[in-house]
Amino acid sequence: MTSRIGLGCMGMSEFYGAADENESIAVIHRALDLDVTFLDTADMYGTGHNEQLVGRAIKGRRDEVFLGTKFGIRRDGGARSIDNSPAYIRQACDASLQRLGVDHIDLYYMHRRNPDVPIEESVGAMAELVEQGKVGHLGLSEVTADTLRRAHATHPIHALQSEYSLFTRGIEQEILPAARELGVKLVAYSPISRGLLSGALPPADQLPDDDFRKYLPRTSGEAGEHNAKLVEQVTAIATEVGCTPAQLSLAWLLAQGEDIIPIPGTKRLRYLEENAAAASITLTADQLAALSTVADAVKGARYPDMSSVEQ
């Protein structure tokens with residue numbers, strides 16, 4: 001399918017404070033040089049800006065890229081809605097192709113699901129895009145095991161994108177087993193828990209107002225203080241292994257199976273190179289067990305409002 005570790009491009013446009021476009025493009029070019037060829041974006045990141053940025057970065061290097069983008073979250077000023085209607089899917093795909101400057105998307109995901117629209121209708125419309133050559137493979141994001149099975153029965157689903165990290169393991173109960181039963185790869189977003197597992201994330205009250213981590217239950221308040229202490233334990237294990245805590249977190253994910261593809265996001269060259277090097281780290285059974293023990297103590301939800309995930 002793609003490289004063992006991918007690159008999440010969201011933060012190059014929004015959500016994690018200011019970014020520099022030239023540096024972001026340099027990060028994407030360096031990623032391809034390092035054989036990090038799976039690039040993940042979405043039409044809602046920066047309201048189209050991120051796809052345009054990725055499109056500029058891959059111009060002339062399209063053949064090196066496994067390109068994934070997403071549809072489904074519509075933005076109207078500060079308001080958001082989820083649209084999975086067949087008509088919108090066709091419209092959104094054509095708009096993404098234009099912004100990206102490509103003739104096909106390798107992996108086209110439904111970003112979020114609106115349960116008012118039967119998944120069979122949405123996936124049926126997505127399947128038409130495959131037949132037309134506009135899309136290579138279909139993906140879903142943040143759906144339940146039941147939704148994944150129903151979707152896969154309509155058209156083969158190539159990948160499921162879910163939040164998965166040492167600190168976020170809920171999918172191990174039902175969703176990951178269902179994906180494996182169906183032969184669906186798991187694309188793990190926020191594999192470093194939005195920077196928390198790097199050990200370098202400042203306390204929430206020190207983050208800028210345009211960094212959404214300032215408002216997340218897991219990184220703010222008492223839960224944030226508690227989890228920061230857990231990160232210290234992760235850092236101690238990383239020191240034992242001889243790597244950074246972010247690399248350790250990625251190595252832990254890679255150890256969960258060949259079908260797990262982490263897509264750490266960054267807009268900085270140094271972090272890209274650090275993340276890519278995690279693919280060469282092997283952890284012992286004792287180290288993996290120690291990390292699981294730490295993870296069991298994590299506090300706080302991953303979003304303030306969980307109503308739009310795992311539908």
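**Close-up views of a predicted model**

**View 1. A bridge between strands E3 and E6.** Lys70 has Tyr109 of E6 as its bridge partner. The model shown is predicted. Strand E3 covers residues 66-71, and strand E6 covers residues 105-110. The two strands pair in the parallel sense over 4 bridges.

**View 2. The open sheet and its edges.** The sheet is open and built from 8 strands, with parallel pairing. Its strand order is E1-E2-E3-E6-E7-E8-E9-E10. Strand E1 (7-8) and strand E10 (260-262) are the edge strands. Each of them pairs on one side only.

**View 3. Helices on the sheet.** Helix H4, residues 119-131, lies across E3, E6 and strand E7 (135-141). H4 runs at about 155 degrees to E7. Helix H8, residues 245-254, also packs on the sheet. H8 touches strand E9 (185-189) and E10. The direction of H8 makes about 160 degrees with that of E10.

**View 4. Helix H5 packed with helix H6.** H5 (residues 145-154) and H6 pack at an angle of about 20 degrees, with axes 9 Å apart. H5 is therefore roughly parallel to H6, as the angle is under 35 degrees. The crossing of H5 past H6 is right-handed. H5 contributes Ala145, Leu148, Arg149 and His152 to the contact. H6 contributes Ile175, Ala178, Ala179, Glu181 and Leu182. By class, the contact has 6 nonpolar, 1 polar and 2 charged residues.

**View 5. Gln173 in a loop.** Gln173 sits in the loop between strand E8 (159-163) and helix H6 (175-182). Its relative accessible area is 65%, so Gln173 is exposed. Gln173 and Arg270 lie 97 residues apart in sequence. In space, their C-alpha atoms are 35 Å apart.

Notes: Residues are numbered from 1 along each chain as its sequence is written. This is a predicted model: local features need pLDDT of at least 70, side-chain atom pairs count only at pLDDT 80 or more; totals for chains, interfaces and linings use all residues. Side-chain values use heavy atoms; hydrogens and water are left out. Two strands pair if DSSP finds at least two bridges between them. Contact means heavy atoms within 4.5 Å. Axes are lines fitted to C-alpha atoms, for helices over the stretch in contact, and angles run from 0 to 180 degrees between N-to-C directions. Buried means under 20% relative accessible area, exposed over 50%, partly exposed in between (1.4 Å probe, protein chains only). Angles under 35 degrees count as roughly parallel, over 145 as roughly antiparallel, 65 to 115 as roughly perpendicular and the rest as oblique. A crossing is left-handed if the near helix is turned anticlockwise from the far one by less than a right angle, and right-handed if clockwise. Ala, Val, Leu, Ile, Met, Phe, Trp, Tyr, Cys and Pro count as nonpolar, Asp, Glu, Lys and Arg as charged, and the others, Gly among them, as polar.
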